[in-house]
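Happy to walk through the charged side chains with you. Let's take the pairs one at a time and ask what earns each label.

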Amino acid sequence: MHVTVVGAGQMGSGIAQVSAMAGHDVVVRDIDADRVEAGIDGIEDTLAEGVERGKVSESERDAALARIDGIVDLDDAVADADLVVEAVPEDMELKQDVFTDIESAAPADAVLGSNTSSLPVTELASALDDPSRAIGLHFFNPPHLMNLVEVVVAEQTSEDIEAFATDYVEDIGKEAVVVRDTPGFATSRLGVALGLEAARMVEEGVASPGDIDAGMREGYNHPMGPLELTDLVGLDVRLDIAESLRDELGERFKPPQILKRKVRAGDLGKKTGTGFYEYDENGDKTGPADY
């Protein structure tokens, strides 16, 4: 199968990597050559780390990289695609524009997937001439390590497209959960609720970020605490999702002031070196941040 991923950032390159590792021919597309190159470099680094840790063989790495091509021109990128997954930033207008551009250039039978973590897929699909071919494919960060993919069924999604998407997810070795297109889907809604409450607990002095996270890791067997996860996802991303869910579902998703203050200060988590924790230049946690 030919898979095109539009957006060469962390999520897009991760989706490209797992698709290539499963044996699919993959094109990574972004708006300029530097971004495409950076995305492919990221895939190479991740695979090299996998080889170093004994998780990936050298032959598997080489075969996967041989299946990945980087292209800037959208028409060329989607010309042979069976599946196109957009992985651009979480902005409805941007995603709709990208979706319509993809639809005009891709084969008429290509499936159009969105990696949105919170935006309504039904609204995304409404921009298309044929919205029945659209579906949400919510991968988790980082895609090569996280086993789950939410298959989000829009109001317009056909049964054939739902089945295709579920088969694709299972084919790349992931677990598919099928959810109806509702605000926050299933996982974002629950994950944001937990992260917001953890931030409120820090704000109220209930416990430190480290103790809150340790409590959820050790007491509930979560692989990562809610504040560590907020730092990984990005405080700005979490704030945007919370505000969107607040509009749809009410005040229970009202973001706490500590989250707003940190975002205003540019403390966005791991990607900026400071969030609820401090991080070194290698992205390793060094200790708690001021709060």
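Q: What makes Arg133 and Glu103 a salt bridge?
A: In this predicted model, the closest N and O atoms of Arg133 and Glu103 are 3.9 Å apart. The cut-off is within 4 Å, so the pair qualifies.

Q: Which parts of the chain does the pair of Arg133 and Glu103 tie together?
A: Arg133 lies in the loop between helix 6 (121-125) and strand 6 (134-139), while Glu103 belongs to helix 5 (residues 92-105), so the bridge ties together parts that are 30 residues apart in sequence.

Q: Why is Arg133 called buried?
A: Its relative accessible area is 6%, and buried means under 20%, so Arg133 earns the label. Glu103, at 13% relative accessibility, counts as buried by that cut-off too.

Q: How do you know that Glu228 and Arg217 form a salt bridge?
A: Their side chains meet at 3.0 Å, N to O, and the limit is 4 Å, so the pair counts. The bridge links distant parts of the chain, with Glu228 in helix 10 (residues 226-233) and Arg217 in helix 9 (residues 209-220), eleven residues apart.

Q: Are Glu228 and Arg217 buried or partly exposed, and what decides it?
A: Glu228 has 13% relative accessibility, which is under 20%, so Glu228 counts as buried. Arg217 has a relative accessible area of 26%, which falls between 20% and 50%, so Arg217 is partly exposed.

Q: What makes Arg61 and Asp62 a salt bridge?
A: The closest N and O atoms of Arg61 and Asp62 are 3.0 Å apart, which is within 4 Å, so this pair qualifies. Arg61 is partly exposed at 22% relative accessible area, and Asp62 is partly exposed at 42%.

Q: How many salt bridges does the rule give?
A: The count comes to twelve.

Q: Why does Lys262 have no salt bridge?
A: The nearest side chain of opposite charge, Asp267, is 4.6 Å away from Lys262. A salt bridge needs a distance within 4 Å, so Asp267 does not qualify. Lys262 is nevertheless buried.

Q: Where does Lys262 lie, and which residues does Lys262 touch?
A: Lys262 lies in helix 12 (residues 257-264). Leaving out residues up to four places away in sequence, Lys262 touches Leu235, Asp267, Gly275, Phe276, Ala289, Asp290 and Tyr291.

Technical notes
Residues numbered from 1 in each chain as written. Predicted model: local features only at pLDDT ≥ 70, side-chain atom pairs only at ≥ 80, totals over all residues. Heavy atoms only, no water. Buried < 20%, exposed > 50% of the residue type's maximum accessible area, 1.4 Å probe, protein only. Helix = DSSP H or I, 4+ residues; strand = E, 2+ residues; numbered from the N terminus. Lys, Arg positive; Asp, Glu negative; His and termini not counted. Contact = heavy atoms within 4.5 Å.
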